[in-house]
Amino acid sequence: MPTILLTRPTQASDRFALSLRDRFGPEIRIVVSPLLSPLLLAPPRPAGLFRALVFTSETGVAGFRQVSADTGLPAWCVGHRTAAAARDAGFETMSANGDLDALVEGIRNLRLTGPLLYARGRDTAGNLAERLLSLNIPVTELVVYEQQATPLTPLAAAL
């Protein structure tokens, strides 16, 4: 049986490894060596009354919880895993089923005129804040984590 090398962050790799073992059996050889590791930051929470939070990752939820214990705002989430993390943290959530376009459209259709607070990583894809601002929906970005490069383990490098 081949060896499977997983390089996603630990939590995602561990989840995938479980699904691989369920499908192929416990004898499958899996090596986990994340290339990125999230570092939660502790920026001050922006002042102001926000109408909702926006999360595009589970790590964004965890990072926001480092900044604030407030769970009174509804949370718009890009996908089910992010929504589950937000729900587990105590938020009322809405999921866009993993589709950034649907997230933007859902916020627009509900006429959420903001201001919204978008808790995110330092690096993002999809230009969510710009897209919301282009629809005249005010959004404040709060960088709550960054991904740090992690070298391969010696076993992963040998593979």
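This passage walks through the salt bridges, pockets and aromatic pairs of a predicted model.

A convenient place to start is with the charged side chains. The model contains 6 salt bridges, and three of them are described here in turn. In one of these, aspartate 70 pairs with arginine 45, with 3.5 Å between the closest N and O atoms. Aspartate 70 sits in the loop between helix H2 (58-67) and strand S5 (75-77), while arginine 45 belongs to the loop between strand S3 (36-40) and strand S4 (52-55), so this contact ties together parts that are 25 residues apart in sequence. Neither partner is hidden from the surroundings: aspartate 70 is partly exposed at 34% relative accessible area, and arginine 45 is partly exposed at 28%.

A second salt bridge joins glutamate 105 to arginine 108, and here the closest N and O atoms are 2.3 Å apart. Both residues belong to helix H4 (residues 100-109), and because they are 3 residues apart there, about one helical turn separates them. Glutamate 105 has a relative accessible area of 33% and is partly exposed; arginine 108, at 36%, is also partly exposed.

In a third salt bridge, the side chains of glutamate 146 and arginine 122 come together at 2.7 Å, N to O. Glutamate 146 is part of strand S8 (residues 139-149), whereas arginine 122 lies in the loop between strand S7 (116-121) and helix H5 (128-134), so the pair links parts that are 24 residues apart in sequence. Arginine 122 is partly exposed, with a relative accessible area of 46%.

Attention can now turn to the open spaces. The largest pocket encloses about 610 Å³. It is lined by 25 residues, of which Arg8, Pro9, Ala12, Arg15 and Glu58 are the closest to its centre. Helix H1 (10-24), S3, H2, helix H3 (80-88) and S8 each give two or more residues to this lining, and H1 gives the most, with 6 residues. Sorted by class, the lining of the largest pocket comprises 9 nonpolar, 12 polar and 4 charged residues.

The second largest pocket has a volume of about 240 Å³. Among its 16 lining residues, those closest to the centre are Thr56, Asp123, Thr124, Ala125 and Tyr145. The elements giving two or more residues to this lining are S7 and S8, with S7 providing the largest share, 4 residues. By class, the lining of the second largest pocket divides into 6 nonpolar, 6 polar and 4 charged residues.

The aromatic rings complete the picture. The model has 3 aromatic pairs. In one of them, the ring centres of phenylalanine 55 and phenylalanine 64 are 6.0 Å apart and the planes meet at 65 degrees, so the arrangement is edge-to-face. Phenylalanine 55 is buried, at 0% relative accessibility, and phenylalanine 64 is likewise buried, with a relative accessible area of 0%.

Phenylalanine 64 also pairs with phenylalanine 91; their ring centres lie 6.1 Å apart with the planes at 55 degrees, so this pair is tilted. Phenylalanine 64 is located in helix H2 and phenylalanine 91 in the loop between H3 and strand S6 (93-95), so the two rings tie together parts that are 27 residues apart in sequence. Both of these residues, phenylalanine 64 and phenylalanine 91, are buried. Together, Phe55, Phe64 and Phe91 make up one aromatic cluster.

Definitions and conventions
Residues numbered from 1 in each chain as written. Predicted model: local features only at pLDDT ≥ 70, side-chain atom pairs only at ≥ 80, totals over all residues. Heavy atoms only, no water. Salt bridge = Lys/Arg side-chain N within 4 Å of Asp/Glu carboxyl O. Buried < 20%, exposed > 50% of the residue type's maximum accessible area, 1.4 Å probe, protein only. 1 Å grid on protein atoms, 1.4 Å probe; cavity = no way out; pocket = protein on both sides within 12 Å on 5 of 7 lines; lining within 4 Å. Points joined across faces, edges and corners; volume = space filled by probe spheres on them. Nonpolar A, V, L, I, M, F, W, Y, C, P; charged D, E, K, R; others polar. Phe/Tyr/Trp six-rings, centres within 6.5 Å; stacked < 30°, edge-to-face > 60°.
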